[in-house]
Amino acid sequence: MEALAADAGNAGGVGRLAFYGRCSTEDNQDPATSKAWQVGEAARFVEPLGGEIVEEFFDIGQSRSLPWERRGEANRVLQALKDPGRGWDGLVVGEATRCWFSNQFSLTWPKFDRYGVSLWIPSLGGRFDPENTVHDMAMTITGGLSKSERQHVQRRVRAAMAAQVLIDGRYQGGRPPYGYLVADGGPHPHPRKAQEGQRLRVLVVDDAAAAVVQRIFEMYLAGWGSKAIAEQLNRDGVPCPSAHAPQQNRHRKMDGWQHSAVVAILENPRYTGYAIYGRWQKVEELLDPEDVAAGYIARFKRSPQAKIVRSREPAHPAIVSVETFTAAQLEKRKRRVGGVNGWSSRGRQRVSKKRTYELRGRVRCGICDRKMEGAARHKEVKYYRCNARTLLPESVTALAHPQQIYLREDLVTQAINRWIGELFGPLNRQVTIDLLLEGDDSSARRDEYVAQLRDRVAAADVVMGRLQRALDAGWDPAALREQYNAAVAEKRAAETAITQVPPEAVMSREELEGYVDQLGDMARALERAEPEERSQLYRALRLSLVYHHVGQILDVEVDPLADRVDKLRVRGGT
């Protein structure tokens, strides 16, 4: 690609420049080495032209798929553009494919151009010239090559790791499961890595923890539930996984066994002695579906059974047999569906009834600071419960915590609804309407959204035009087909979204007053609303509650209203 831009303008001294580079730690890159060679490449490129690197920006462990605004050092570069006293007038990179991904260059270059900062790119052979069509095409293709390279590396690494697990049962790193320790497995089988001193790592049994794992499987197959198992382990003083190995679980509270830890142990097939790879997969989802330029966010999801790889032979000592593990999975499946043919173990037919807990995930216990869970008592009356059974028995929290704490939902929601109703009552009506009119930015948000969609259409047109010029210049159509189809799809999606934007509707004071009058008593209107509608309202208000059992006091915080905190006394909480 260097040959594409041999005519780049290099006349005159380049001057003072900043350097930007990036390396990922996913493929075991050494940050110091990566930075050194990228800075070296940049310096060798600009120094003969009279350039001097006076400041360095280097992102470590930041995926290239993240837009510049969400990378630490890249965002510092963008912020420095606005500072007239930044001390440099241009930016040089060591390798363009490490800096720009997909269409990121078309989104970042206008910001450099706005503040008069030049971009110096080795693969172009000089300074980026927006008037040079070859430069435009080259940077568009560079983004596509960067995306293709990343996907190729990911597929290759995953395929290699899966093959190592399948054939050799090799341990692929990460925190060992509770019940195992990581030990030295001898020299690395790869000659070069062995020469560098790298060693294999293998799993060995941690006898104390392995006995607990075996006990959990035995109790579960004997009819115990996961919460009952956690409670009994706490009573017996068995250290939870985070307390047993705190150096591996710094993100945990070490406050006792929880049923989620028991479930994770019961579901982990590594305890059978076979190496497992791919139980969880990293999936990238759009951070904001309405703004593709905001980039992606990585989430971990369970993999389909067909994608999970198990070693052909046992890879480490087993803690439970395959038969025991299989029996536990069958037992779990039976309990999930409610017994045989929908009947419970007590002979009563299980009736599935979904309840809407309006404050789900919003109520915390004032003693242990855990979220209170929904629980139905006395037929249809809904409560929130904090159970002390999984607290460490001798801890200060457990000694101060009753065995069960209950908070009745309807008493809480009635008080909250009355408070909201007062905002629209005769005393506060005009003030509330004024605030609603002042805070109504729906028109501005609609215009901004439409403008973003039109920018996406324009950007897609630019990309399609560049690719068309590349085809006219003799580029291989097969090499550009994927990028062109992606640009066409992006343009169609944005155009479709524009047609689906609802027409602008700005509510006047008279219309808002009429709407409020139509609702009448707001508190009563909330009482008549469906539970799911009230739940959505509480979610929009960012409602959070802390229940103090001793005084039967509920701290209610509503975030949008300047972090206002109101205390409500409720009765019947226990």
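The buried residues of helix H2 pack against strand E1 (15-23), strand E2 (51-60), strand E3 (90-93) and helix H4 (104-114), where contact means heavy atoms within 4.5 Å. Helices (H or I, at least four residues) and strands (E, at least two) are DSSP runs numbered from the N terminus. The model is predicted: local features need pLDDT of at least 70, side-chain atom pairs count only at pLDDT 80 or more, and totals for chains, interfaces and linings use all residues. Residues are numbered from 1 along each chain as its sequence is written, and side-chain values use heavy atoms, leaving out hydrogens and water.

H2 spans residues 72-80, and its buried residues are Ala 74, Val 77, Leu 78 and Ala 80. They lie on the same side of H2 because they cover an arc of only 165° around the axis; the arc is that of the directions from the helix axis to the C-beta atoms. Buried means under 20% relative accessible area, exposed over 50%, and partly exposed in between (1.4 Å probe, protein chains only).

Two residues that are not glycines have a positive phi.

| Residue | Phi | Loop between | Relative accessibility |
|---|---|---|---|
| Ser 102 | about 55° | helix H3 (96-99) and H4 | 29%, partly exposed |
| Asp 369 | about 65° | strand E12 (363-365) and strand E13 (373-377) | 42%, partly exposed |

Elsewhere, the axes of helix H13 (residues 409-423) and helix H19 (residues 531-540) come within 13 Å and cross at roughly 65°. Axes are lines fitted to C-alpha atoms, for helices over the stretch in contact, with angles from 0 to 180 degrees between N-to-C directions. Thr 413, Ile 416, Asn 417 and Ile 420 of H13 meet Arg 534, Leu 537 and Tyr 538 of H19 in this contact.
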